Amino acid sequence: MDRGISRNRQIGFSGIVALALMGSVATASAQQAPPSPQGPPETLSAPPGALATEPAAPEAPPPGSQGPPARLSFADGNVSFWRPGAQDWAPALVNTPIASGDQLYAGPGANLEMQIAPRAFLRAGAETQLAVDSQEPDYMQLRVTQGHLSLDLRSLPAAHTVEVDTPNAAFTVEHSGYYRVEVKDDSTTFISRRGGRASVTPAGGQDAEIAPSEEVVVSGSDAPQVASYVAPELDAWDHWNYERTDDQIDAVSSRYVSEGVYGADDLDQNGSWRVVPSYGSVWIPSAVPAGWAPYTTGRWMMDPFYGWTWVDAAPWGWAPFHYGRWVHLPGYWAWAPGPVVARPFYAPALVAFFAGGSSGVSLSFGLGTPSVGWVALGWGEPVVPWWGPRGFVGHPRWFGWGGPRVVINQTVVVKNINVYQNVRVENALVTVRGDRFGHGLVEPLHAANPGAHLGPVFGPLPVKANPVSLVGGPDRGVRPPQALLDRRVVATREPEVREPVEVRSARQPGVRTPTVGAPQPQIVPAPRQATSNAEAALRRPPFGQQAGPERALPPPVPRFDDVRQREAAVGSDAGRAVRQPGVSAPQGPAPNGFQPATPGRGNAQQPPPLPSARPTRQALETPPARDAGRLDTQAARQPRAPVASLPNARATGAPRNVRELPGEPANRVYRGPSQPPAQLAPARTGGPSRTEPASHHGKTEPPARPAN
């Protein structure tokens, strides 16, 4: 739990005017905890009547908190998204929080990735129809009616269950491991690897145990037959899953954020960590244009559980917009995660909302179409929830924040929005027409004196949800074939589908809820828990009769000298593509020329030779058929142009990476006692900055003194 967090006095609509900085927090941190803010003058200036507060216990978690939702962390190609209540399928947006009832479809040649836990990922290949039927704190129910997906569960929380429902059987996973599911017209295959164990319950049949390194085939639906085989050799799809997860869970940025925060690896690729006196370790994004500000390049989407949720357009736009705070340093915006806390809490956005009309501050919104504005919360400022149950909405909260607290009373904020630190920064306050809120990519309005017409919102936002806001905009996505949506699956429980109440109330009388034609599943009993290994062995499915040739023996485990010599031949950094200063990492289509295809049966492919430089993680490999021809390992890669700006940036001109970054590099490597000290920053001892990993995306180079 958070330690030493200061207590805020109870704040109500008739409370006393107060703005105060609390003392520093002695929270455990992976680096030196930041000292009490001594920086920007506005963070220390309190209005007349500011009151001190006393230390107290940390805040309780948000009511109904169920941990962070799953997120769509990657999409390549035509990936579509549908949410209950939406009128049609829309293009899937990276950084979208996934809720119960959501569906995804990867079109031909496309694939996607969902992060479902801090060290657990789901990846689906081309022409895969996937639905999240239920998402609870300890249970996730997936529905797959066609295609293939992998569950790379490097760790699974205790008592957590992942269920995969298919037309032939329901598969239950309760252990970490690597699992692969392939659904065809008349059969489903399930492969377990890396010590993974699972259970299979076919339609109308008895459940059975799936052992590690096993492939189970379920054929037929009326009277399904279950047979087991040895797991085949790894193919290109498996190799790509292994490598991508390896990189994601080994992020350098993990040392600065609390355990359980998703998206740390995205920060490695797209910015620099610095240490500044006022805030400790902060992250500064690169490849953003001059005049950029947080929460300006993205859109608001209606989430069934969290209400209005920000979906940022940046590839790194998850952690900095759902955790921590944004601070403005001379010439730069920086994300400050604050001291590490024992349990971070996800928020749909960390902004202060404002609204008003042309006649001045108005909180009733009874006339006309008011404007809606927002600004990123600054260091220590509380979030005023617009989501959640009664008694939680409208009351300032610091849940998940481990740093000092700024207490802002609602009475003073109503009269003066400049109490919020970031309001005073150019372009930081974003305003849109109320009737355009939630209708797609933000198109901000500019106001000469926004403080004269806007007042803060304490409670639900004065805007209405609509079917468009459920999927992030009016654009149409690729709709999966209706036959896939109509396929019935086998499940151990009924799915949970939640349509936002705001959408139900806004629908015109007589208009029915749009559906995608998903029939009710065939319910089967949950698998029995084996009381011993002997009992589990008795419940194993029989060996299959449609066996091919015997699987080849694996190669011998290499000696250390073998690995060392191989790496010396391909480079000094374990085969990684090391970026040189001023040289962008190559980007382009899928490496090795993999052609999109559904994995089939037959003899497994041997993996291609290891290249001299690892392909970039951004380049997604679609799986070849197991009986396909030789992989083309010499396919040309077309470099992408550097990303100089984000969609709908509020200012134009050259990228802002023209001045020296503030503070000192944070990612120092140990230089060893025999090496001379680095001369990058005399104030700190240590070795040179860590070399940046190969980049996901083309981008402009960071300014002087990189952290990585």
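## Loops, rings and a cavity

Let's start in a loop: Asn-95 sits between strand S3 (90-91) and strand S4 (97-98). Keep in mind that this is a predicted model. The phi angle of Asn-95 is near 85°, which is a positive value in a residue other than glycine. Is Asn-95 buried or exposed? With a relative accessible area of 1%, Asn-95 is buried, because the cut-off for that label is under 20%.

Tyr-295 makes a good companion to look at. This residue isn't a glycine either, yet its phi is positive, at about 65°. Tyr-295 belongs to the loop between strand S19 (280-285) and strand S20 (298-303), and its relative accessibility of 1% puts it in the buried class. The loop between S19 and S20 also holds Gly-291. Gly-291 counts as partly exposed, at 31% relative accessibility. From Gly-291 you can hop to Trp-333: the two are 42 residues apart in sequence, while their C-alpha atoms are 9.8 Å apart in space.

**The overall picture**

Zooming out, the protein contains nine helices and 30 strands. It has 708 residues, and 54% of them are buried. What share of the contacts with a separation of 6 or more comes from residues 24 or more positions apart? The share is 70%. As for the outside, the protein exposes about 30000 Å², with carbon and sulfur atoms supplying 53% of that area.

**Aromatic pairs**

A pair of aromatic rings is described by two things, the distance of the centres and the angle of the planes. The count for this protein comes to 36 aromatic pairs. Here are two of them, side by side.

| Pair | Centre to centre | Angle between planes | Type |
|---|---|---|---|
| Tyr-323 and Tyr-346 | 6.4 Å | 70° | edge-to-face |
| Trp-387 and Phe-399 | 6.3 Å | 90° | edge-to-face |

Why is the pair of Tyr-323 and Tyr-346 called edge-to-face? The planes of Tyr-323 and Tyr-346 stand at 70°, and the label applies because that angle is over 60 degrees.

Now for where these rings sit. Tyr-323 is in the loop between helix H3 (319-322) and strand S22 (325-329), and Tyr-346 is in the loop between strand S23 (332-336) and strand S24 (351-356), so their pairing ties together parts that are 23 residues apart in sequence. Tyr-323 is buried, with a relative accessible area of 6%, and Tyr-346 is buried as well, with a value of 5%.

The other pair stays within one loop. Both Trp-387 and Phe-399 lie between strand S25 (371-376) and helix H4 (410-415), so this pair ties together parts that are 12 residues apart in sequence. Trp-387 and Phe-399 are both buried.

**A cavity with Tyr-323 in its lining**

Rolling a probe the size of a water molecule over the atoms shows where empty space is left. A search of the whole structure turns up seven cavities of 30 Å³ or more. The second largest cavity holds about 110 Å³ of space. Which residues lie nearest the centre of this second largest cavity? They are Ser-258, Tyr-323, Gly-324, Pro-337 and Gly-400, out of 17 residues in the lining. So Tyr-323 turns up twice, because its ring also pairs with that of Tyr-346. Sorted by class, the lining of the second largest cavity has 12 nonpolar and five polar residues, and no charged ones.

Conventions
Residues numbered from 1 in each chain as written. Predicted model: local features only at pLDDT ≥ 70, side-chain atom pairs only at ≥ 80, totals over all residues. Heavy atoms only, no water. Helix = DSSP H or I, 4+ residues; strand = E, 2+ residues; numbered from the N terminus. Buried < 20%, exposed > 50% of the residue type's maximum accessible area, 1.4 Å probe, protein only. Contact = heavy atoms within 4.5 Å. Areas by Shrake-Rupley, 256 points an atom, 1.4 Å probe, with all protein chains shown as cover. 1 Å grid on protein atoms, 1.4 Å probe; cavity = no way out; pocket = protein on both sides within 12 Å on 5 of 7 lines; lining within 4 Å. Points joined across faces, edges and corners; volume = space filled by probe spheres on them. Nonpolar A, V, L, I, M, F, W, Y, C, P; charged D, E, K, R; others polar. Phe/Tyr/Trp six-rings, centres within 6.5 Å; stacked < 30°, edge-to-face > 60°.
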